[in-house]
Amino acid sequence: MSGWGFALAGGGLIGLAATVLLWANGRVAGVSGIANGVLLPQRGDVAWRVLFLLGLVAGAGLWFALQPQAYVPREGFPRGLLVTAGLLVGFGARMGNGCTSGHGVCGLGRLSWRSLAAVLTFMSVAILTTFVMRHLIGSGG
Amino acid sequence: MRELIAALVAGALFGVGLAMSGMTDPDKVLGFLDFFGAFDPSLLFVLGGAVTVTLISFRLVLKRAAPQFASRFQLPEARAVDARLLIGAALFGVGWGIAGYCPGPALAGLARLSPEVLWFLPAMLVGALLHRMVDAKP
C-alpha cells in the first residue's frame with residue numbers, strides 16, 4: 001500500500017475508534033480532553049480515560065512493532081522548540097476545548113460549526129507557523 | 001466493566017490508526033503543513049478518511065436513545081464561536097506548526113520511547129495546567 005493508502009486506512013481506523021467510543025460510552029474521542037480529564041480529574045470518571053490512553057499507546061506500539069522500517073526518527077530537533085510547542089499545544093487545546101481529534105474527527109463528524117471554526121483556525125495558523133519556521137527563520141528542519 | 005473494555009478497544013484502534021496513517025511522524029506532519037514548500041498532501045487523507053467515517057456513523061449512532069454501555073450521550077454543549085475558541089485554536093496551531101505534534105500522536109510516541117515526546121508531553125501537560133490556573137482567576 002502507498003503512503004496515501006496507509007493515510008486513508010489509518011484515518012478510517014481513527015474514525016472507527018471514535019465511532020466505537022460514541023456508540024458504546026456516549027463519549028467524544030478527543031485526545032486532549034480525555035488526557036486533561038486524567039490530569040485534572042473533575043468527577044469520578046478517570047478509569048475509562050486511562051484505558052483509552054493506554055489502548056492508544058499499545059495500538060501505536062503494535063503498528064510500530066509490525067512496521068519497524070516505516071519510521072526514521074527525527075534527529076537534532078531543538079529541545080527548546082519541543083518544549084515551547086508542547087506548552088502552546090497543551091494551553092491552546094484546553095483553551096479551545098479540543099485538538100485535532102476532538103474538533104477535527106469528532107466535531108466535523110457532528111457537523112459542529114464551532115469545531116469547523118477551530119479546525120480552520122488551527123490548520124491555517126499551523127501552515128503559517130510552518131512557513132515562518134522553515135522558510136523565514138529556517139530552523140526546525 | 002464493559003464500558004472500560006470499550007474505551008480500551010477504541011483507544012487501541014485509534015492508536016493503530018494514528019501510527020498507520022503517518023501522523024506519528026512529525027517530519028511528515030510538517031511536510032503536510034509546509035504548504036509553501038515541499039508540500040506532502042497525504043495527511044489530508046487521514047482527516048478525510050476519519051471524517052468520512054464519522055459523518056456517516058455519528059448520524060446513525062446519535063439516532064439511538066442512549067449509548068450501549070452508558071445512560072446518556074455526553075456531547076460538548078458549547079455552540080458559540082467566540083474569542084476563547086479561536087485564540088485557543090490559534091495557539092494550538094502555533095505549537096502544532098512548530099514541532100509537528102498534536103496530542104494523540106505525541107502520546108503514541110511513548111510506544112517507542114521517542115526522546116522528542118519525552119520533552120513535548122510534559123510541556124503539554126504543564127500548558128494545560130497553566131491554562132487552568134489562568135482560567136480559574138476571577
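These exercises walk through a predicted model of two chains, A and B.

**Exercise 1. The two chains**

Describe the secondary structure and the dimensions of chain A and of chain B.

*Solution.*
- Step 1. Start with chain A. Its secondary structure comes to 6 helices and 0 strands. From the N terminus on, the pattern is α-α-α-α-α-α.
- Step 2. Turn to chain B. Chain B has 6 helices and 0 strands. Along its sequence the elements read α-α-α-α-α-α.
- Step 3. Look at the boxes. Along the principal axes, the C-alpha atoms of chain A fill roughly 45 × 35 × 30 Å. For chain B, the box is roughly 45 × 45 × 30 Å.

**Exercise 2. The interface as a whole**

State how many residues each chain gives to the contact, and how much area the chains bury between them.

*Solution.*
- Step 1. Count residues. Chain B contributes 100 residues and chain A contributes 94 residues.
- Step 2. Choose a yardstick. An interface's size is often given as the accessible area lost when the parts come together.
- Step 3. Apply the yardstick. Chain A and chain B bury about 9,200 Å² between them. Carbon and sulfur atoms carry 77% of that area.
- Step 4. Find the leading residues in chain B. Phe14(B), Met20(B) and Phe58(B) lose the most area to chain A. Together they make up 8% of what that side buries.

**Exercise 3. α1 against α1**

Work out how α1(A) is oriented relative to α1(B).

*Solution.*
- Step 1. Locate the helices. α1 of chain A spans residues 3-25, and α1 of chain B spans residues 2-21.
- Step 2. Take the geometry. The helices pack at an angle of about 165°, with their axes 7 Å apart.
- Step 3. Classify. Angles over 145 degrees count as roughly antiparallel, so α1(A) is roughly antiparallel to α1(B).
- Step 4. Add the handedness. α1(A) passes α1(B) in a left-handed crossing.
- Step 5. Sort the contact residues. There are 18 nonpolar, 5 polar and 1 charged.

**Exercise 4. α4(A) against α6(B)**

Decide which orientation class fits α4(A) and α6(B).

*Solution.*
- Step 1. Locate the helices. α4 of chain A covers residues 79-95, and α6 of chain B covers residues 115-136.
- Step 2. Take the geometry. Their axes come within 6 Å and cross at roughly 40°.
- Step 3. Classify. α4(A) and α6(B) are therefore oblique to each other.
- Step 4. Add the handedness. The crossing of α4(A) with α6(B) is right-handed.
- Step 5. Sort the contact residues. They divide into 15 nonpolar, 4 polar and 5 charged.

**Exercise 5. α3(A) against α1(B)**

Describe the packing of α3(A) on α1(B), and name some residues on each side.

*Solution.*
- Step 1. Take the geometry. The angle is about 35°, and the axes lie 6 Å apart.
- Step 2. Add the handedness. α3(A) passes α1(B) in a right-handed crossing.
- Step 3. Name residues. On α3(A), they include Trp48(A), Phe52(A), Gly55(A), Gly59(A) and Trp63(A). On α1(B), they include Leu4(B), Gly11(B), Phe14(B), Gly15(B) and Met20(B).
- Step 4. Sort the residues. This contact has 19 nonpolar, 4 polar and no charged residues.
- Step 5. Link back. Phe14(B) and Met20(B) are also among the residues of chain B that lose the most area to chain A.

**Exercise 6. Salt bridges**

Find the salt bridges over all chains, then those between the chains, and give a pair within chain A.

*Solution.*
- Step 1. Recall the idea. Side chains of opposite charge can pair when their charged atoms come close.
- Step 2. Count. The whole structure holds 7 salt bridges over all chains. Between chain A and chain B there are 3.
- Step 3. Look across the interface. Arg74(A) and Glu116(B) form a salt bridge, at 2.9 Å from N to O.
- Step 4. Look inside chain A. Asp45(A) and Arg27(A) form a salt bridge, at 2.9 Å from N to O.
- Step 5. Place this pair. Asp45(A) sits in the loop between α2 and α3, and Arg27(A) in the loop between α1 and α2. The two residues are 18 residues apart.

Note on methods:
Residues numbered from 1 in each chain as written. Chains lettered and ligands numbered in written order. Predicted model: local features only at pLDDT ≥ 70, side-chain atom pairs only at ≥ 80, totals over all residues. Heavy atoms only, no water. Axes fitted to C-alpha atoms, helices over the stretch in contact; angles between N-to-C directions. Helix = DSSP H or I, 4+ residues; strand = E, 2+ residues; numbered from the N terminus. Parallel < 35°, antiparallel > 145°, perpendicular 65-115°, else oblique. Left-handed = near helix turned anticlockwise from the far one by under 90°. Nonpolar A, V, L, I, M, F, W, Y, C, P; charged D, E, K, R; others polar. Contact = heavy atoms within 4.5 Å. Buried area = accessible area lost by both parts, 1.4 Å probe. Salt bridge = Lys/Arg side-chain N within 4 Å of Asp/Glu carboxyl O.
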